[in-house]
Amino acid sequence: RKYIGDGYVLCADMPPNHFLLKGAKYLLIGKNNSLPLLQKDPREWAENTNTQRFIVQPPSNGIRKSLFAKLCAGTTANNCLYPTTVVLDETVPCTGDECNADTLRTVQVGDSGMYYE
């Protein structure tokens, strides 16, 4: 039999830190909008104070190969450009909380309030 999902990798079969691998795609969803646009989540999810929000911070060691650097795309952490679409051109190393995450729904870039999914 052939099913719609045949040939797609199950979420449980994704490699660790798959969101940091070369080819991972991030779409800008704007300022102060933590709900994903391409996935359906209930409104309560955004308003739930117990939901953990994922915030990428600039690495303390200044490594330009970081998820923050790729999403910020600026010359400094205070001068971000926030491209509308980011496709990782290389695998980036995990830093901080990224190393313990199994998947990301939305990502806030620093304290800017700008979100990607």
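Trainee: Which residue of β5 does Gly30 stand opposite?

Mentor: Gly30 stands opposite Tyr115 in β5, and since strands will come up often here, take the term with its cut-offs: helices (H or I, at least four residues) and strands (E, at least two) are DSSP runs, numbered from the N terminus. Before going further, note that this is a predicted model, in which local features need pLDDT of at least 70 and side-chain atom pairs count only at pLDDT 80 or more, while totals for chains, interfaces and linings use all residues. Residues are numbered from 1 along each chain as its sequence is written, and side-chain values use heavy atoms, with hydrogens and water left out.

Trainee: What is the mean confidence in helix α1, and what is it in β3?

Mentor: The score to read is pLDDT, the predictor's confidence in each residue, from 0 to 100. Where pLDDT is low, the predicted coordinates should not be read in detail. In this chain the average is 81, and 79% of the residues score at least 70; confidence is lowest in helix α1 (residues 43–47), with a mean of 67, and highest in β3, with 97.

Trainee: In what order do the elements of the chain run from the N terminus on?

Mentor: The chain holds two helices and five strands, and from the N terminus on they follow the order β-α-β-α-β-β-β.

Trainee: In what order do the five strands lie in the sheet?

Mentor: Two strands pair if DSSP finds at least two bridges between them. Here the five strands make an open sheet with the order β2-β4-β5-β1-β3 and mixed pairing. Its edge strands, each of which pairs on one side only, are β2 (55–56) and β3 (85–87).

Trainee: How many bridges join β1 to β3, and which residue stands opposite Leu27?

Mentor: Strand β1 (residues 25–31) runs antiparallel to β3, and three bridges join them, with Leu27 opposite Thr85 in β3. β1 also pairs with β5 in the antiparallel sense, over three bridges, and that is the pairing to which your opening example belongs, with Gly30 opposite Tyr115. Strand β5 (residues 114–116) in turn pairs with strand β4 (residues 107–109), again in the antiparallel sense and over three bridges, and there Val107 has Tyr116 of β5 as its bridge partner.

Trainee: How many disulfides does a search of the whole structure find?

Mentor: A disulfide is a pair of cysteine sulfur atoms within 2.5 Å, and a search of the whole structure finds two. One joins Cys72 to Cys80, with an S to S distance of 2.1 Å, and the other is formed by Cys94 and Cys99, whose sulfur atoms are 2.2 Å apart. Counting bonded cysteines along the chain, the pattern is 1-2, 3-4.

Trainee: Why is the disulfide of Cys72 and Cys80 left-handed?

Mentor: The disulfide of Cys72 and Cys80 is left-handed because the torsion about its S-S bond is about -100 degrees. The link of Cys94 and Cys99, with 100 degrees about the S-S bond, is right-handed.

Trainee: Are Cys72 and Cys80 buried or exposed?

Mentor: Buried means under 20% relative accessible area, exposed over 50%, and partly exposed in between (1.4 Å probe, protein chains only). Both Cys72 and Cys80 are buried, whereas Cys94 is partly exposed, with a relative accessible area of 30%, and Cys99 is partly exposed too, at 34%. Over the chain, buried residues make up 35% of the 117 residues.
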